[in-house]
Amino acid sequence: MGEDKRKPSRKPFMERPWFWPVIYSSIAVMIVGVILSYNVLYNSKQDQVALEGQPETNQQSILPTATKLEMLKYPFKEELFNEVSIVQEFYDVTADEATREKGLLVFNQVFTTSTGVSIAINSEPFEVVAAMSGEVTQVKMDVFKGNQITLKHPNGMETRYSSVSDILVKEGDKVTQGEAIAKSQENEWNPQAGVHLYFELVEDGVLINPRKYLSF
């Protein structure tokens with residue numbers, strides 16, 4: 001008997017039963033790959049757009065913070081600095097004896113301690129300016145001690161300007177740093193100081209020496 005020897009099929013690949021299923025599967029895999037790649041690229045682009053927009057938002061939030069960090073400046077025009085004299089000091093118990101004596105106010109032979117500094121410029125009236133931007137919380141008229149303006153600032157500090165006249169602001173006004181608010185004058189309570197500005201600084205609810213922030 002002769003053996004039944006089957007020869008390998010010589011059909012073209014396209015006519016073989018497994019050819020088209022393989023092709024279809026390959027195409028399907030390619031389509032899925034393209035879709036996944038597109039989704040990855042699209043999400044990456046969206047994240048990039050979001051990040052590019054972030055600095056603008058941050059910049060908007062930084063602006064108010066920068067305002068709160070405004071540094072205290074002199075309550076007079078800085079070009080007058082070389083003509084300024086401190087006629088009375090803030091009374092500091094830790095200071096030397098001479099400085100403490102300069103921080104004592106005398107009226108009718110009664111001594112009181114100074115809670116600010118008395119600033120004079122050539123014994124003449126000078127323009128008083130806001131030491132920091134803020135809101136006018138009080139305008140107090142007092143002929144005896146001298147009129148007083150109080151400003152509240154975004155950083156929580158408070159500045160007080162006493163012995164002033166020709167007041168240019170009222171309660172509720174918003175003022176900017178360096179803006180003119182009044183002029184210095186003399187008063188009956190502290191006549192030995194002559195024409196001066198009595199400048200006080202409040203930090204955390206406590207009156208402190210303005211020299212902590214200003215170099216006179």
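How do the residues of the lining of the largest pocket divide into nonpolar, polar and charged? The tour reaches that pocket after the strands around it.

**Whole chain.** Start with everything shown as a cartoon. This is a predicted model. The protein chain has two helices and 12 strands. Read from the N terminus, the order of elements is α-β-α-β-β-β-β-β-β-β-β-β-β-β. Colour by accessibility next: of the 216 residues, 31% count as buried. Among contacts with a separation of 6 or more, 62% are between residues 24 or more positions apart.

**Strand 11.** Select residues 197-203, which make up strand 11. Seven of its seven residues are buried. Show the side chains: Leu 197, Phe 199, Leu 201 and Glu 203 point one way, while Tyr 198, Glu 200 and Val 202 point the other way.

**Partners of strand 11.** Add strand 4 (117-121) and strand 8 (158-165) to the selection. Strand 4 pairs with strand 11 in the antiparallel sense over three bridges. Strand 8 and strand 11 also run antiparallel, joined by five bridges. Now centre on Tyr 198. Ser 118 stands opposite Tyr 198, and Ser 162 also stands opposite Tyr 198.

**The hairpin.** Extend the selection to strand 12, residues 206-208. Three bridges join strand 12 to strand 11, and the two run antiparallel. Leu 201 stands opposite Ile 208 here. The two strands form a hairpin with two residues between them. Pick Asp 204 in the turn, where phi is positive at about 55°.

**The nonpolar core.** Select Ile 119, Ile 149, Tyr 161, Ile 181, Leu 197 and Phe 199, the residues with the most contacts inside the largest nonpolar core, which has 29 residues. Strands that each supply at least two residues of this core include strand 1 (84-88), strand 7 (147-152) and strand 10 (180-184), as well as strands 4, 8 and 11. In soluble globular proteins, nonpolar side chains tend to be buried together.

Zoom in on Phe 199 and display what surrounds it. Leaving aside residues up to four places away in sequence, Phe 199 touches Pro 75, Gly 116, Val 117, Ile 119, Ala 131, Thr 159, Arg 160, Tyr 161, Pro 210 and Leu 214.

**The largest pocket.** Go back to Tyr 198 and add Lys 145, Gln 148, Ser 162 and Trp 189; of the 19 lining residues, these five are the closest to the centre of the largest pocket. The space in this pocket is about 290 Å³. Strand 3 (110-113), strand 8 and strand 11 each give two or more residues to the lining. As for the opening question, the lining has three nonpolar, 12 polar and four charged residues.

**Two loop residues.** Finish with the backbone angles. Most residues other than glycine have a negative phi. Select Ser 123, in the loop between strand 4 and strand 5 (127-129). Ser 123 has a positive phi of about 55° although it is not a glycine. Is the residue buried or exposed? Ser 123 is exposed, with a relative accessible area of 60%.

Then move to Asp 166, in the loop between strand 8 and strand 9 (174-175). Its phi is also positive, near 50°. Asp 166 is exposed, with a relative accessible area of 51%.

Methods:
Residues numbered from 1 in each chain as written. Predicted model: local features only at pLDDT ≥ 70, side-chain atom pairs only at ≥ 80, totals over all residues. Heavy atoms only, no water. Core = buried A, V, L, I, M, F, W, Y, C linked by side-chain atoms within 4.5 Å. Buried < 20%, exposed > 50% of the residue type's maximum accessible area, 1.4 Å probe, protein only. Helix = DSSP H or I, 4+ residues; strand = E, 2+ residues; numbered from the N terminus. Contact = heavy atoms within 4.5 Å. Pairing = 2+ DSSP bridges. 1 Å grid on protein atoms, 1.4 Å probe; cavity = no way out; pocket = protein on both sides within 12 Å on 5 of 7 lines; lining within 4 Å. Points joined across faces, edges and corners; volume = space filled by probe spheres on them. Nonpolar A, V, L, I, M, F, W, Y, C, P; charged D, E, K, R; others polar.
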